[in-house]
Structures are given as structure tokens and as C-alpha cells.
Amino acid sequence: MAMLPLTTESDAKRQVSPELAASYKRDLGIGEPLGFLRPWEKLWRGERLGTSAQGITGDELARKLSGSVGVGLMALPLALAWALGFALVRTQWRKGRWAALGDIVPALAFGTPVFIPALLFAPAVVERGHMLPELTAALVTSLWPGIFLGTLVGDALETELSRDYVRTALGKGLSPGTVLRRHVLPNVLPALLDAVGPVATTLLAGSFAAERVLGLPYFGQLYVLAVLNKQVAVVVVATTTFASLLVVVSLGVEVLRHVVDPRSREARA
């Protein structure tokens, strides 16, 4: 009976060299008290983090992070615009023969990775400069989260508009715009705030692929290259920074919810 080709050569390729293992132990402080802080100590002292010249200093990390945050700040209003537009279009589709598109478009959006539209735009924008790659990254990164947000807001809006208090308010002579502004939108706002966390995560994760495809030298590309080049200390710092950004976004959402949603304040009282 023939043996499967599980050779020692393949096993050797999977093993980490002693020099690389020693650099991991040194950079990550493995086996030392509070060793997990070692990468941050090196950044604080201004040393280059990583096992080769492909590492990074704290200043370079800050510049790359600010570039990605800038792309994210451009993507956020675009996502809100996509959400509003899709919610309105989806409401019109539900009233006619195109109702199925209201479910098909979100399914296509959720199932399509961000790098596919980025690849479609890349040949036309990568060499142009003048912020065009950044704008394109914001555009492709915001599209799918915007449709996701539009789906949630559209469903919440449709549910609220069918409630009795809306018919009562209209029956008392209030205009549809007044009913929408004073009574419906405040009830839709919690659903919008609930979706901000997942949308922020999708925007940040999507920016990794978009920056890599469009050649933007920011935080997303740093993360991808650190993984490919086995820069474990850089990956640890980048992952911690990524998680910290999400925590800040979550705290900001909770503060905003406390300010604008009276029910949230009553629940905490």
C-alpha cells in the first residue's frame, strides 16, 4: 500500500527557524513577567519593532493609523448616504413588482468581499494620486456597510410607520413630516445606534483589503504585510490598536445613546 507523501521536507518547511523563534521570544517577552508589554516598551523607547528592516517605529505606526482613520472618516458619511438612499429605494421597491430586489441586493452585498470592487477600480486609480485612491477606498469600503445599515433602518422605519400611534397622530391633523420627525425617527434611532458597532468593524476590516489592493501605505496594508512577513510583534501591536479603536467607537456609541435616547437613561436609573 502506497504511503501518503508526508515527508520530513514538508515538515521542515513548516517549522520556525531557531533564529526566528529567538526573535519572537525576545520581541514578545515570552516567559517574562509582563512580557506582553515588551512590544509597547520598544515603541515607547523609539526602537524599531519587528525582526527585520520591515518593522516599524511608533511614529510610523501613528502616521499609518492616521491615514486609515482619514479614509474611515471619509467612508462613514458615504456609508450613511448609501444607507439613507438604499432605505428609501427599498421602501419604494416593497410597494411594487421589484419587492424581491429588496432582499436580493443585501444578500449580494453581504456575500461580496470588499477586494472585488477594489480590484475593479484599481487599474484606473492606483497611479492617479490626488487623493483618488483614498476616495476610491472610502467608496468601496462604505458600500456594503451602507446597504447593511440601510436594510436595518428601512425595516425599523417600516415597522414604526405601521404602528397605531402613527395613525393616531395623523388622525389628529399632524403632517406626515411632523409625525416622522417628532415620533417615528426617535424610535428608529436605537436600531441605528445598535448597528454602528458592526458597521465600524466592517469599515475597519474592509479598509485592510481596500488599502492593500489600491496600494495605500496605511494601517491596513501594514497589518497585512506584518502577517505575510511573520512580524509577530507588529501583528500584536496592530491587533491591540485595532481592538482599542473598536472599544473607543463602542464607548462613543453608548455615550451618544445616553444623550439622545431617554429610554436608555431610564433603564440605567
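**Notebook: a look around the helices**

I looked up Leu119 first, and Leu119 turned out partly exposed, with a relative accessible area of 47%. On this scale, buried means under 20% relative accessible area, exposed means over 50%, and partly exposed is in between (1.4 Å probe, protein chains only). Leu119 sits in helix α6.

Notes to self on the model: it is predicted, so local features need pLDDT of at least 70 and side-chain atom pairs count only at pLDDT 80 or more, while totals for chains, interfaces and linings use all residues. Residues are numbered from 1 along each chain as its sequence is written, and side-chain values use heavy atoms, with hydrogens and water left out.

**The whole chain**

I counted 12 helices and zero strands (DSSP runs numbered from the N terminus: helices are H or I with at least four residues, strands are E with at least two). Buried residues make up 34% of the chain's 269 residues. I then checked contacts, meaning heavy atoms within 4.5 Å. Among those with a separation of 6 or more, 62% are between residues 24 or more positions apart. The accessible surface is about 16200 Å² (Shrake-Rupley method, 1.4 Å probe; for residues, only the protein chains shown count as cover). Carbon and sulfur atoms own 67% of that surface.

**The greasy patch**

What else joins Leu119 on the surface? I found a nonpolar patch of about 700 Å² made by Leu78, Trp82, Phe115, Ile116, Leu119, Leu120, Phe121 and Leu139. The elements giving two or more residues to the patch are α4 (58-94) and α6 (115-125). α6 gives the most, with five residues. Patch rules: residues have over 30% relative accessible area and no salt bridge, with like charges joined within 9 Å and nonpolar side chains (Val, Leu, Ile, Met, Phe, Trp, Tyr) within 5 Å. A salt bridge is a side-chain nitrogen of Lys or Arg within 4 Å of a carboxyl oxygen of Asp or Glu.

**Helix α4**

I followed α4 next. It has 37 residues and reaches 51 Å from its first C-alpha to its last, close to the 54 Å expected at 1.5 Å a residue (1.5 Å times one less than its number of residues). Its buried residues include Ser68, Val71, Ala75, Ala79 and Ala83. An α-helix has 3.6 residues a turn, so residues three or four places apart point the same way. The buried residues of α4 pack against α3 (38-44), α5 (101-111), α7, α9, α10 (219-228) and α11 (232-260).

Is Ser68 buried or exposed? Ser68 counts as buried because its relative accessibility is 10%. Leaving aside neighbours within four places in sequence, Ser68 is in contact with Glu211, Tyr218, Phe219 and Gly220.

**The cores**

Which residues touch the most other members of the largest nonpolar core? In this core of 23 residues, they are Ala137, Trp144, Ile147 and Leu214. A nonpolar core is a set of buried Ala, Val, Leu, Ile, Met, Phe, Trp, Tyr and Cys residues joined through side-chain atoms within 4.5 Å. α4, α6, α7 (132-161) and α9 (176-214) each give two or more residues to this core. The largest share, seven residues, comes from α7. Setting aside neighbours within four places, Leu214 has contacts that include Ala118, Ala122, Val125 and Ala137. I also noted a second, separate core of 16 residues, including Ile56, Tyr223, Ala226 and Val237.

**Last stop: Val196**

Val196 is in helix α9. At 27% relative accessibility, Val196 is partly exposed. Beyond neighbours within four places, Val196 is in contact with Val249 and Val253. Val196 and Pro145 are 51 residues apart in sequence but 9.5 Å apart in space, C-alpha to C-alpha.
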